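User: Could you walk me through how to read interfaces and symmetry in a model like this one?

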Amino acid sequence: MSVGQDMYKLCEKMFPYCRSITGDGVRQTVEALKEVQPKIKVYEVPSGEKSFDWTVPKEWRIRDAWIKNSKGEKIVDFKKTNLHVVGYSIPVDKKVSLAELKQYLYTEPNQPDVIPYVTSYYKERFGFCMTQNQYDNLPEDTYHIYIDSELFDGSLTYGELVIPGETEEEIFFSTYFCHPSMANDQLSGLALSAYLSKYVESKDKRRYTYRFIYVPETIGSLTYLSRENHLEHMKKNVIAGWNLSCVGDDRTYSMVSTRYGNTLTDKVTKNVLSFIYPEYKCYSFLKRGSDERQYNAPGVDLPICGFSRSKYGEFPEYHTSKDNLDFISSAGLFGAYNVMVECIEAMEHNHRYKIKCYGEPQLGKRGLYPTISHKGGYDEVTAMMNFITYADGTNDIVDISDIMGVPVRDLVKVAEKLRENGLVE
Amino acid sequence: MSVGQDMYKLCEKMFPYCRSITGDGVRQTVEALKEVQPKIKVYEVPSGEKSFDWTVPKEWRIRDAWIKNSKGEKIVDFKKTNLHVVGYSIPVDKKVSLAELKQYLYTEPNQPDVIPYVTSYYKERFGFCMTQNQYDNLPEDTYHIYIDSELFDGSLTYGELVIPGETEEEIFFSTYFCHPSMANDQLSGLALSAYLSKYVESKDKRRYTYRFIYVPETIGSLTYLSRENHLEHMKKNVIAGWNLSCVGDDRTYSMVSTRYGNTLTDKVTKNVLSFIYPEYKCYSFLKRGSDERQYNAPGVDLPICGFSRSKYGEFPEYHTSKDNLDFISSAGLFGAYNVMVECIEAMEHNHRYKIKCYGEPQLGKRGLYPTISHKGGYDEVTAMMNFITYADGTNDIVDISDIMGVPVRDLVKVAEKLRENGLVE
Amino acid sequence: MSVGQDMYKLCEKMFPYCRSITGDGVRQTVEALKEVQPKIKVYEVPSGEKSFDWTVPKEWRIRDAWIKNSKGEKIVDFKKTNLHVVGYSIPVDKKVSLAELKQYLYTEPNQPDVIPYVTSYYKERFGFCMTQNQYDNLPEDTYHIYIDSELFDGSLTYGELVIPGETEEEIFFSTYFCHPSMANDQLSGLALSAYLSKYVESKDKRRYTYRFIYVPETIGSLTYLSRENHLEHMKKNVIAGWNLSCVGDDRTYSMVSTRYGNTLTDKVTKNVLSFIYPEYKCYSFLKRGSDERQYNAPGVDLPICGFSRSKYGEFPEYHTSKDNLDFISSAGLFGAYNVMVECIEAMEHNHRYKIKCYGEPQLGKRGLYPTISHKGGYDEVTAMMNFITYADGTNDIVDISDIMGVPVRDLVKVAEKLRENGLVE
């Protein structure tokens, strides 16, 4: 559980930064991640660079923003929460009537006490967000609206970490850092990814190479895929992967299937979740929403599932000021960490075993079978016999786990015992 | 709806004709169809010609038939309803006791107030049909039974209409005209087929060639298939088709699957019905009964489904005097017409689309995406994004419709927009 | 039913013999079987011979065994029931305290009034079995325990019967004779196998060769497979087969699927049981336990299902003194016999039929169709038409039976009629 606490602390640290798809908030965030995982490499991609069908946008810089009433009182203050400003707002400094002000205001009418999260990345406009309650109580007045921001030719920032393994085959993790002060739908994925990379690093033996990336959603994953030979390299080498998003609450576990739900990643994720939390939610790819969209797009076709606790869009706090540090917990983060560690271990041990003799082997002479037979079963022996039976060269260990209803972790021990006895290869 | 009214009027006109598998009733019927669709070509096949395992039977001509009691009162009169005579009855003119009379009478004991529809095509006999009520009340008397009919070397009549399209691939519609005065199980299919052919003709662009045939059931479809090179031609060109039967009531919608339920026709029909009437009935091929029997027979193997409102055999009025003009309606006919039009349109627009860029395209820069992002979805945008996602070259538009749960008609508009923007091919 | 009575009598005769995996009890048993089926050949395999990963064990001979109390009264007597001695017990002759005695005693605590069946084949030890009730009431005393047995280099006995047919393709039946006085989990399978072999012999025509074997479980089936070229021969020729076990009670019918449940044997067994006893239990291969374990082991891969009435391990009497002659019945045995006969007949008649004409044949001209058509169905005709429809060369008769929901036995008659009329091949 101490890993869960470490993850939570990292979230706390990163919470106040004003992230967007570009800008210094992102850079602060990646620096915080580097304190945990110093090997993350940071890249800057200039505004205007092409990313498949897209273009890297201008960089956004914001210094301050507020609305004052005629008494000079700040009734909205960016310094209190960065959700108050529509992401990518252009600068403004003028006095407006209440009627005009309302044109620039965004609220969430169905949740009158939350400040919604709103952006306008690809069209130049400005705006403020507030609660519906505040909006409803705004008096007639002359308001001073002020945003000290700029959009300029800068760069898009992303982080990348590659941890080599025995083979060039890769397991891929992606998460994003483009949302401002939100906890589940932002910080949780970053913390999980950073600490998973430490777990992977700490392993004695790594069969696979691991690639972790930290990008702004959509434009960042597309930029990453389109740069250098990433797409080609990943299509060749990535055998499984996950997009980590909203992994910090403790309500449920969720996955988003790949486009057709038929990849090794789907199989492993379902297998692991079926033992840890059989009531997990498996969403169709029609319910996608984060960067699994890009990884599974036609032509990209990478075997990447989404992994969440409560999936984006499925919890009421989503994209509001209530998705804060109270909504996530170290236990919630640790649960997600545990699932991903199990998935990694299932992958690392996922071989096609094959029994080496005809008929059942005589386990008894190897001390693996009770010497006395009477009514009633031997569960460990049954597991071993079933493993042997389905270790016919056609099933990988995850298939056998699915058939037997026994976790991969337990089967790995069985397989090890059998290998020591020369019974499987 | 005016098409529905036109179809109903055509049914009214054709109702009284005394159809059978051959004869002048059929010729009157096809003349009535030609008033609506003059391009129907009429063929005559001589009695005795071989049709695969069958032989075209003698032609049946009937002029009059009645049963008189000893007072000379007609207690059964063919001129009142042709259902009173067993189809293909040979002539008779004799006086009989009640006991003997009963040997020639057919009733429907479970529905005492209906006259059943009975035929004896392939064995020479005669008979009369009446209600069970009338039968039960027949007094002891001497009855005069009289049928003025003949079986002679004549011909079997069928109609054919081919409307050429851009390709030689064909969509096929079959219906039959061998039943006497019955509305749902006879006239509805003829009216639908005639007006569908007009719909097809009226289209600006036709990707497919359309073939409509009007035949007596069983012997007619077999004769058609066995003549010229029809079977060979159709096996090569027909990609989908429907046998139209009982399409005039308004109780439900039904389809009869092909032999294995796995053809494009099955897929399109299910797709269309799932949006128009999700409670539709999909009958196994074991429940077949009309000419889909011949089209799906081993060796013929055409992808033809049955299409009905209430399927033959599944409504109590079936094959009785209650299957009359009151049982069908213009609304019922129009519903069937609408389903078939949707099937035709789904076929005409059924392409395998393929997105042309890696990753999601940037819809925003093309004005296809909202410029401001806040909580809550955009249904049209979701549809477009989902379409793009599954337009990976492996799915046709019906598959995508099935995956997304959005009607083909709506997806066609999405596809058009994307094609205009150069995004799909 | 007289076959059921004969089977029951054979069980009665064999009940008292003290069988184990080797020894004279087995030889007595096979002699009893030979009285019914004299063509069974008996083989002896010397102790120490290798059977794949196993070794034929020493032979066990037991003459007497008892426990006496200090008054010289036999409180346990092997002569009353051979279940009192742990199978393969080594000799002992000593006086022991109650405390020491208890180290050698085996009971079934959950069923206090049964003597359990316990063995120790592959480790040398001795032991006695008694009811929990007797155990709980044993007074402090000095007990004399005595087992007059020996383990020596002898041989393992098995029986084999091959009944040749028109082809070299084989149907295989295996059963076992290594359990002492138990009825369902021992004698029923032997009786069924012997009488099935007589049924097979009595057939006028046999398309397939039939192989029946009688072996001790596990070591016996492995020995059989590993000897001569049995494994190679059987992998080449066996197309279906059953391991017969617990086929004498009348509670239910059960089958154990093959490793993946996808063989012809699975298909035929499910088909036959679905008509005879639709509530039958189909156990996954994970619930295997008898020699289907060896026949389906990786590398062996024979298409052998388990067949039972109440499956081993699933009835409370299992492996106790309550699995006696009261638990089985001639009706229970006959039910199992009937299922296996139906399976044999389904196999013998299992052809891929193919209709010889295009479209439906004209059954009427062959007298196979009613000459008058009126409302309401003709069930036999429907069956014939459905058979013709699915006799398209892709389905065997069991597939057609599954599709139509009509037993193979009935379809065989239909097929015969059609063949007589030259309609199918």
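User: How many residues of chain B are in contact with chain C?

Analyst: Two residues are in contact if their C-beta atoms, placed from the backbone, lie within 7 Å. Here, 24 residues of chain B are in contact with 19 of chain C. Mind that this is a predicted model, where local features need pLDDT of at least 70, side-chain atom pairs count only at pLDDT 80 or more, and totals for chains, interfaces and linings use all residues. Residues are numbered from 1 along each chain as its sequence is written, with chains lettered from A in the order in which they are written.

User: Which helices of chain B supply at least two residues each to that side?

Analyst: Helices are DSSP runs (H or I, at least four residues), numbered from the N terminus. On chain B, α6 (219-226) and α9 (292-295) each do so. By type, the side of chain B that touches chain C has 14 nonpolar, five polar and five charged residues; Asp, Glu, Lys and Arg count as charged, Ala, Val, Leu, Ile, Met, Phe, Trp, Tyr, Cys and Pro as nonpolar, and the others, Gly among them, as polar.

User: What turn lays chain B on chain C?

Analyst: Two copies of a chain are related by a rotation about an axis and a shift along it. In this case the turn is 120° with a shift of 0.1 Å along the axis, and the RMSD is 0.1 Å. That's the relation of a three-fold axis. The copies are superposed by least squares on the C-alpha atoms of residues with pLDDT of at least 70 in both.

User: Which residue of chain B comes closest to the rotation axis?

Analyst: That's B:N262, with its C-alpha at 13 Å.
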